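Q: Could you take me through the metal site of this model in close detail, together with what surrounds it? I would like the cut-offs spelled out as you go.

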Amino acid sequence: AKKLGKGQFQFYTETLNVEARERLALDSALRRAIEEEALSVVYQPKVNARGRACGFEALVRWESAEFGSVSPVRFIPLAEENGLIGQLTWFVLRQACHQAAAWRAAGHPDLRIAVNISPSLFREKDLAALVGAVLEEAGLPAANLELEITEGMLMGDVQRSLAVLGELKAMGVDIAVDDFGTGYSSLAYLKRFPIDILKVDRSFVLECDSGNGGLAITRAIVSLAHSLNLRVVAEGVEQQTQLAVLNALGCEEFQGYYFARPMPAGQVAAYLAGR
Ligand code: C2E
Ligand code: CA
Ligand code: CA
Ligand code: CA
């Protein structure tokens, strides 16, 4: 490798320092935002094959005075590292369950709410009990709740994961595997774990209507899921041509900008009325 000059070395050190300082600032701003419940939750519809909204995914948003609007892609990993993910998740889960209970009361008893659960949380031994407590507080039946987990979560401690999933299932909460096809896990766990739903990752949906093998992969995922009796949700649907392909393949639900962007809770009633 090329030896770095002294000046260059200093430059890198300074860059690191700037990054470290910014991280620290972001970290404490996030801590404050969570404590002050300054985060918000937006809702993106999931639509069935008949074009009707059947549920929503809750997605967290952070509008920081200091940093502007920060993407969850940036602050979720930070929250995972600094131990804030638990508080953040309970905030989102509580908001989402209260919203879903309100939709039920307003004449939409079957609308489902999906909440993202980070891998680190999944290893907490009382996850199921905590979820149960939130459902009870919100007055939401477990059947209206879906938890979206990523493949990685099923890897680590298999016994632990099986136990937690089993408890959630027994309560009646559905489990969806998010971003399916992007992880490192083997397909074997799909049979082993009590999963209900598979979400085809946006990267495959993006290519399902073009030549590049996207269709073959999407078709394989859908048929694998169906042969295991899983429902299939296609995420990131942006084009009518993608929807047509996914519909023909037999996907049960669709989510993406083609239907609607994530929206604040206040816009959901109008959205539902318009469909
Ligand atoms: P995800 O769970 O895969 O969520 C879907 C992401 O794709 C969302 O981005 C959504 O706004 C975006 N999206 C939906 N439809 C389309 C589309 O048609 N085209 C494109 N290009 N994008 C679309 P968002 O809200 O920025 O969230 C990014 C990721 O951050 C999520 O990916 C999820 O992994 C994580 N995340 C968001 N909210 C939470 C949360 O409350 N808890 C946890 N643990 N993670 C969250
Ligand atoms: Ca998700
Ligand atoms: Ca996803
Ligand atoms: Ca994704």
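A: Happy to! E148 is buried, with a relative accessible area of 1%, where buried means under 20%, exposed over 50% and partly exposed in between (1.4 Å probe, protein chains only). D178 counts as buried too, at 7% relative accessibility. A word on conventions: this is a predicted model, in which local features need pLDDT of at least 70 and side-chain atom pairs count only at pLDDT 80 or more, while totals for chains, interfaces and linings use all residues. Residues are numbered from 1 along each chain as its sequence is written, chains are lettered from A and ligands numbered from 1 in the order in which they are written, and side-chain values use heavy atoms, with hydrogens and water left out.

Now to the ions. The calcium ion (ligand 2) has as its protein donors E57 (OE), N116 (OD1), E148 (OE) and D178 (OD), at 2.1 to 2.3 Å. Donors here are N, O and S atoms within 2.8 Å of the metal (3.2 Å for Na, K and Ca); water is not among the atoms, so sites may look incomplete. Along the chain, the donors of ligand 2 follow the spacing E-x58-N-x31-E-x29-D. Distant parts of the chain are linked by the pair E148, in strand 5 (residues 145-150), and D178, in strand 6 (residues 174-180), which are 30 residues apart. Helices (H or I, at least four residues) and strands (E, at least two) are DSSP runs, numbered from the N terminus.

D178 also bridges the calcium ion (ligand 2) and the calcium ion (ligand 3), which lie 3.7 Å apart. From ligand 3, a second bridge leads on: D179 coordinates both the calcium ion (ligand 3) and the calcium ion (ligand 4), and these two are 3.3 Å apart. The protein donors of ligand 4 are D179 (OD), D201 (OD) and E235 (OE), lying 2.4 to 2.8 Å from the ion, with the sequence spacing D-x21-D-x33-E. Here the pair D179 and D201 links distant parts of the chain, 22 residues apart: D179 is in strand 6, D201 in the loop between strand 7 (197-200) and helix 8 (202-207).

D179 is partly exposed, with a relative accessible area of 25%, whereas D201 is buried, at 10%. The backbone of D179 deserves a look as well: its phi is positive, about 50 degrees, although the residue is not a glycine.

What about ligand 1? It is surrounded by 21 residues, and the closest are Q44, R61, R202, E238 and Y257; a residue counts as near when one of its heavy atoms lies within 4 Å. The bridging residue D178 appears again, since an N or O atom in the D178 side chain is 3.0 Å from an oxygen atom of ligand 1; a polar contact is a pair of N or O atoms within 3.5 Å. A polar backbone atom of Y257 lies 2.8 Å from an oxygen atom of ligand 1, and a backbone N or O atom of V60 is 3.2 Å from a nitrogen atom of ligand 1. On its own, ligand 1 has 800 Å² of accessible area, of which the protein covers 83% (Shrake-Rupley method, 1.4 Å probe).

Methods: Polar contact = N/O pair within 3.5 Å; in protein donor to acceptor, adjacent residues only side chain to side chain.
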